[in-house]
Structures are given as C-alpha cells and as structure tokens.
Amino acid sequence: MTDFLITTERLILRPVAAGDAEAIAALADNYKVAVMLARLPFPYKVEHARQFIDWVATQPADETVFVLCLRNEAQTFIGVCAYERRGEKDPELGYWLGEPYWGKGYMSEAVKAVVDHAFKSARHERLISGCRLQNLASRRVLEKAGFEHSGPYEIDSLILKAKVPGHRFVLTRERWESAAR
Ligand SMILES: CC(C)(COP(=O)(O)OP(=O)(O)OC[C@H]1O[C@@H](n2cnc3c(N)ncnc32)[C@H](O)[C@@H]1OP(=O)(O)O)[C@@H](O)C(=O)NCCC(=O)NCCS
C-alpha cells in the first residue's frame with residue numbers, strides 16, 4: 001500500500017492507522033451496515049478492527065484502503081472506501097459509512113476521489129462493484145460515479161451465512177475518461 005492523502009470539498013481520505021481501531025469499531029458495529037456488506041462481521045469488536053488494520057498493511061501497492069474523515073478540527077472518522085482485488089483480475093470497489101453520516105452526499109464525494117485514484121495513480125483499467133438488490137443508496141452512489149449495471153450476481157454474505165442476490169456494476173477506464181472530459 002502506498003502513502004496518500006486526498007482532500008475533497010468536505011473529506012480527508014487517508015491510510016488507516018493503528019489509532020483508528022476504536023472509531024472503526026464504534027461505527028462498524030451496526031447490523032444495518034453489516035447486512036449490506038459481504039464480509040463485515042457482526043457484532044463488530046475492536047479486535048476485528050485491529051485485524052482489519054493489520055490485514056491492510058499486507059495489501060499490494062495497487063490496492064488501496066481509504067479511511068474517510070471529516071475536514072473538521074477533530075478529523076472525525078466516518079467510514080471506509082477501498083478498491084481491492086481479493087484474488088480477482090479487476091479490483092472491486094467497496095465502502096461503508098457510519099449511520100450518523102448517511103444521506104449527506106459523503107460517499108458520493110469519496111467514491112469519486114477513490115475512483116480517480118484507481119485510474120490515475122494505480123493505473124487500473126477496470127473497476128467492478130456491486131450491491132444488494134435493495135441497496136438503492138449504494139446503487140445510486142455507483143451510478144453517479146459512472147458505473148454501469150452489468151447484470152445480476154450473488155453476494156456471499158458473512159452474517160446471513162447465505163448467498164444473496166445483487167447487482168453487478170462495472171466502470172471501464174474508457175468510460176471514466178469520457179465522463180471526465
Ligand atoms: C450506501 C451508503 C454508502 C451511501 O452513502 P451516503 O453518503 O449516504 O450516500 P450519498 O448521500 O452520497 O448518496 C446516496 C444517493 O442515494 C440516494 N438514496 C438514498 N436512499 C435511497 C433510497 N432508499 N432509494 C433511492 N435512492 C436513495 C440519495 O438520494 C443519493 O442520491 P442523490 O445524490 O442523487 O440524491 C451508506 O448508506 C452506507 O454505508 N450504508 C451501509 C453500508 C453499505 O450499504 N455499503 C455499500 C455496500 S454495496
């Protein structure tokens with residue numbers, strides 16, 4: 001993982017640090033967050049956050065996990081956005097935001113910056129993502145970032161212990177470049 005610091009209008013996107021464990025656990029320990037994600041444990045303990053932070057340190061340089069913080073004095077932690085391969089050819093974009101921060105446009109702002117980073121800095125050619133069928137907010141975040149619906153797929157849900165139906169989304173470099181023009 002490379003060093004980076006990105007600022008957007010209202011957010012700071014930075015690498016995860018050991019000191020983030022408590023703040024991550026405080027917001028991730030929410031069924032409404034976990035049920036929309038494939039791999040987030042629930043209940044989510046500080047120990048899970050520490051394992052996550054250790055795992056991030058082992059990731060290759062062209063896969064990046066961004067911690068999202070508000071641009072306030074305390075630089076309050078609000079969520080995570082990442083692109084990672086996890087054994088696949090193309091990196092997958094994934095994200096979650098603490099519930100108090102939903103509905104304010106923060107993830108749309110963060111995803112745009114993370115997508116730009118994936119294409120400009122990490123030089124990826126294609127990003128994939130996906131969301132559960134009922135996750136209309138996430139679907140909208142992806143569509144606003146330029147992702148195209150590419151068909152159905154199954155999400156292997158850790159907490160539901162089942163495969164649940166979802167929408168697959170793709171964003172190619174070509175499409176990203178033409179949207180940026
Ligand atoms: C999904 C999530 C990341 C969205 O983050 P957010 O910062 O609240 O999203 P934004 O405010 O940037 O944008 C949400 C968009 O969805 C729309 N939206 C929200 N709820 C909606 C709903 N029920 N139906 C339709 N659209 C909805 C909003 O109007 C907005 O679109 P707009 O800008 O065109 O008005 C956040 O709710 C979250 O972390 N949820 C739990 C974890 C999760 O679902 N992660 C993604 C897994 S695929």
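Which residues does leucine 68 touch, leaving aside those up to four places away in sequence? Keep that one in mind while we look at the whole chain, and remember that what you see is a predicted model.

Let's start with the overall build. The chain has six helices and eight strands. If you walk along the sequence, they come in the order β-β-α-α-α-β-β-β-α-β-α-β-β-α. The C-alpha trace covers about 40 × 40 × 30 Å along its principal axes. How does the radius of gyration fit with a compact globule? For 181 residues, such a globule would come out near 16 Å, and the chain has 15 Å, so the two agree. Contacts tell us about the folding pattern too: take those between residues at least 6 apart in sequence, and 58% of them join residues at least 24 apart.

Now for the inside. Of the 181 residues in the chain, 30% are buried. The largest nonpolar core contains 42 residues, and Phe66, Leu68, Val80, Cys81, Ala110, Val111 and Val114 have the most contacts inside it. Helix H4 is the biggest giver to this core, with seven residues. That brings us back to the opening question: leucine 68 touches Leu11, Leu13, Ile78, Gly79, Val80, Cys81, Tyr106 and Ala110. Three of the names there, Val80, Cys81 and Ala110, also appear among the core residues with the most contacts.

Next, have a look around the ligand. It has 20 residues around it, and the closest are Met36, Met107, Ser108, Leu136 and Arg140. The elements that give two or more residues to this shell are strand E5 (92–97), helix H4 (106–120) and helix H5 (136–144). H5 gives the most, with five residues. So helix H4 turns up twice on our tour, because it gives residues to the core and to the shell around the ligand. What is the shell made of, counted as nonpolar, polar and charged? It divides into 13 nonpolar residues, five polar ones and two charged ones.

Last stop: a loop. Glutamine 59 lies between helix H3 (46–56) and strand E3 (64–70). Why does glutamine 59 count as partly exposed? Glutamine 59 has 15 C-beta neighbours inside 10 Å, whereas a buried residue needs 20 or more and an exposed one has 12 or fewer. Glutamine 59 also pairs up with a residue further along the chain for a distance check: arginine 85 is 26 residues away in sequence, and the C-alpha atoms of the two are 9.6 Å apart in space.

Technical notes. Residues numbered from 1 in each chain as written. Predicted model: local features only at pLDDT ≥ 70, side-chain atom pairs only at ≥ 80, totals over all residues. Helix = DSSP H or I, 4+ residues; strand = E, 2+ residues; numbered from the N terminus. Near = placed C-beta within 6 Å. Nonpolar A, V, L, I, M, F, W, Y, C, P; charged D, E, K, R; others polar. Rg over C-alpha atoms; globule rule 2.2 N^0.38 Å. Contact = placed C-beta atoms within 7 Å. Core = buried A, V, L, I, M, F, W, Y, C linked by C-beta atoms within 7 Å.
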